[in-house]
Amino acid sequence: MMYSDKVMDHFQNPRNVGTIENADGIGQVGNPVCGDMMTFYIKVKDDKLADIKFQTFGCGAAIAVSSMVSEIAIGKTLDEAMKITNSLVAEELGGLPKNKLHCSNLGADALHAAIENYRKRLTSRGEKAEPEAPDLHEHEGAACPYCDGPLDEEAGEYCRACQIELEECPSCGEITKKDADVCIHCGAPLKK
Amino acid sequence: MKAYFDHIAATPLNPEALQAMLPYLGEVYGNPQSLHSTGQKALAAVETAREDVAALLGAESQEIYFTSSGSEANNFALKGLAQAYQAKGKHIVASAIEHQSVLNPLKSLEKLGFTSTLVAVDRTGLINPADVAKAVRKDTILVSIMTANSEVGTIEPVAEIAAVCRSKGVLFHSDAVAAAGSVPLDVQTLGVDALSLAGDQFYGPKGSGALFLKKGTRILPLIEGGIQENGRRAGTESVAGIVGLGKAAAVAKRDMEARTARFLPLRDRLIRELPRFVEHVVLTGHPERRLPHHASFCIEFVEGEGMLLLLDMQGVSASSGSACTSKALKASHVLLAMGLDHALAQGSLVFSMIDGTGPSEIDHLLRVFPPVIERLRKMSPLYTQYLKERNT
């Protein structure tokens, strides 16, 4: 089996699946083009995550990751939850197959997006929580869309860790894989 | 209950093929190229297998070249023919839904100065012979179009495409890996110059394949060395594998009609009933022009890998062309070429039947399928979004 027992357990019995009516924050990452899409709903009480629900379109790993993130984060303060990383989640799951590390392991990003959505809403009081547009992870410098690692400027648009060539998508401006047929962010066809 | 619906990945070894192979894994260990009687016994078995494979295709036995797989046969045809005929031109035509073992050789041929044109397909995966005619140029030397597509089951108009190629004076190769042994193929009637097949697609052993190459056609070897396979494919013959392939071909020829008669009602029932058991299920591929053992769908709002894992827990083995199930994490190029959008292509599911699949396997599948989909849709943000939009 390509997945650990822990991944299979979370895939078969995912914790905290669902939506929250009148959520305090909603975060969404990914899109069906790259295969995975996650929506996280949070309820906040006394600066702590009182409840988390998620919905995930994606592979077994993506579902297990979402479930694990929700389990780790419930009860944590917002600042603590913001420190949960995708690699910590993968570790807690007993590891993920190498080729799944990129795409499916976006659970922490989706949770962070929900928290950011909540905080933004606090500052502009009274507005209803709305899902943010997909793809919220902002980086200081250019980062590899697969492993999130920094790109080596000397090597051009190339991720040394994944050993793949990258380029800027002419449609959405995000960094995507060079010899792919379509952009993994927006799905626009890439010219050869 | 176990219900295996993954013919397109591998078929079980036919018991007659297994029996035929056993001596060549045991006492008959000679090298077919040896002059002594131990070797000659192996040679005789290889040549009988060659006759059986030729008979399945209506070919002559000297037109059959054994390979290690369908992929090798495709590589051999593409690279070998391109290089043998490059003085005439350097352009190749193929379709957008060819197997990777055709598309990737085309990519590496591009590095050697060849160019290629990929012909588009319609929504059912069908190739229009007129489009092939339009794609052929003055410098075109080869057209390679598959006989049937394993992901969507569509059977292509190979004879019509071959006629186009003949009238234009270009060679025609067909990747028949998904079709050979399952549907009648006669290389004379079809008019192909080269055709690939693989044993594991019709109850032969894995690691066995063959290329039919019409007499008088030049080709450069992919594997150079000794004089095996008429000097066109070096390497000591995989005798047991070849014998198993030959026996599987003989059985396929003998049983094809009976197998088809068994598969067709089961296939059509699945195509008819699956969309009745679950909403938002779309048939992929052509509704009639399709492999007899093959039913393929896209299930909206869910992703393929989750379906495969949950179905497997219910004893059902199937396959999918979703990005997540492929190691490359790219959605099926076949479904995208047919114009399906990414989200729908992610819900791809292929059920392909084998010898022994019967009504009870279909019953089991139809029983376990709806709860699996319901469970995944409950988790799917796309489904929630759809319900919200429907209710407003």
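In this predicted model, the C-alpha centres of domain 1 and domain 2 of chain B sit 29 Å apart. Domain 1 is built from two stretches, 3-8 and 256-391, while domain 2 runs over 15-252. Where the two domains meet, domain 1 of chain B puts in 20 residues and domain 2 of chain B puts in 23 residues. On the domain 1 side, the elements giving two or more residues are β10 (294-299) and α10 (333-337) of chain B. That side of domain 1, facing domain 2 of chain B, has eight nonpolar, nine polar and three charged residues.

Now for the contact between chains. Here 18 residues of chain B touch 20 residues of chain A. On the chain B side, α9 (304-313), α11 (342-345), α12 (359-379) and α13 (381-391) are the elements that each give two or more residues. By class, that side splits into eight nonpolar, six polar and four charged residues.

Two residues are worth a look for their backbone angles. Most residues other than glycine have a negative phi. D47(A) goes the other way, with a positive phi though it isn't a glycine, and F301(B), also not a glycine, has a positive phi too.

| Residue | Phi | Place |
|---|---|---|
| D47(A) | about 65 degrees | loop between β2 (36-45) and β3 (48-57) of chain A |
| F301(B) | about 75 degrees | loop between β10 and α9 of chain B |

Buried or exposed: which is D47(A)? D47(A) is exposed, because just 10 other C-beta atoms lie within 10 Å, and 12 or fewer counts as exposed. F301(B) has 24 C-beta neighbours inside 10 Å, so F301(B) counts as buried; the cut-off for that is 20 or more.

Terms used:
Residues are numbered from 1 along each chain as its sequence is written. Chains are lettered from A and ligands numbered from 1 in the order in which they are written. This is a predicted model: local features need pLDDT of at least 70, side-chain atom pairs count only at pLDDT 80 or more; totals for chains, interfaces and linings use all residues. Two residues are in contact if their C-beta atoms, placed from the backbone, lie within 7 Å. Helices (H or I, at least four residues) and strands (E, at least two) are DSSP runs, numbered from the N terminus. Ala, Val, Leu, Ile, Met, Phe, Trp, Tyr, Cys and Pro count as nonpolar, Asp, Glu, Lys and Arg as charged, and the others, Gly among them, as polar. Domain bounds come from an automatic or database domain assignment.
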